[in-house]
Amino acid sequence: MPDGRIVFSIMQNFIYPGHGTLYSVSDQGGKPKVFLAPDTTLGERGFTFPFLLTGGMVGFCATDTRGTGSLTALIGKERIELVRHPGEIQAFPVYASSGYIIYQRGLDTGGTFSSSVPPSLWALAIDENYNAGESVLIADGGQIPSISDDGTLLYTRMQPPPLTRLVWVNRIGNVTGVIGQPRRAMGGPVLSPDGRQVAVSANEPGNLDIWVFDAERGTATPLTFNPGRDIW
């Protein structure tokens, strides 16, 4: 900020990025102080991803207890909601000197990728009085944007989760066999004591759940069915 403060967010945990509080600290160091905290009595759930706007004002991503995310500008002590997306968390906003806020959509309120809106970058026009226009899609699959002073946009692109497969490996690192068919984003395999079953997390169909593989026949049976992410 122009007065030498750095504004940052502390999230409750990475799994739920919509929960958080804004803090500030001097660029010379010191003890952080609360800059802006959500008021749960007003239905506010979290403030995250702060960014600097024109005029030294601060913008941030806000979520409420109903699962709606919004980009908000803090102008003095007044909050101005710029855009809102029900069921989503906005992330990684950056301000471009051309008068646009570039931000990421595609995270749902549980911190996982939304089924209705895939990961993507959007641009929101904003004028000198902090009046916002309509959001437009600028990069399908785009994530984590950064923009230079000359307007060059840099971002990562989301790739589909890779197909992975369970394999048997001997003590010298050679693959000696396979278990079942490849699946999306498998991880954290745990072998049963008798060696006949393997529990593993897998993203199929479209949600991380625990599956149990028969190590001999290769058949897989889902163990969990809830909409949350079940891993490890």
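Me: What makes β16-β17-β18-β19 an open sheet of four strands with antiparallel pairing?
Reply: Happy to explain! In this predicted model, the four strands lie in the order β16-β17-β18-β19 and their pairing is antiparallel. Strands are DSSP runs of E with at least two residues, numbered from the N terminus, and two of them pair if DSSP finds at least two bridges between them. The edge strands, β16 (187-191) and β19 (220-222), each pair on one side only. Neighbouring strands are turned by 25 degrees against each other on average, direction ignored, using axes fitted to C-alpha atoms, with angles that run from 0 to 180 degrees between N-to-C directions.

Me: How do you know that β16 pairs with β17?
Reply: Three bridges join β16 to β17 (residues 197-203), and the two run antiparallel. At least two bridges are required, so they count as paired. One bridge links G187 to its partner S201 in β17.

Me: Why is the second largest pocket called a pocket?
Reply: On a 1 Å grid over the protein atoms alone, a pocket is an open set of points with protein on both sides within 12 Å along at least five of seven lines. Its volume, the space filled by probe spheres set on the points, is about 170 Å³. Of the 13 lining residues, the closest to the centre are E44, A62, S70, T72 and E81; lining means having an atom within 4 Å of a point.

Me: Which strand gives the most to the lining of the second largest pocket?
Reply: That is β5, with four residues.

Residues are numbered from 1 along each chain as its sequence is written. Local features need pLDDT of at least 70, side-chain atom pairs count only at pLDDT 80 or more, totals for chains, interfaces and linings use all residues, and side-chain values use heavy atoms, leaving out hydrogens and water.

Methods: 1 Å grid on protein atoms, 1.4 Å probe; cavity = no way out; pocket = protein on both sides within 12 Å on 5 of 7 lines; lining within 4 Å.
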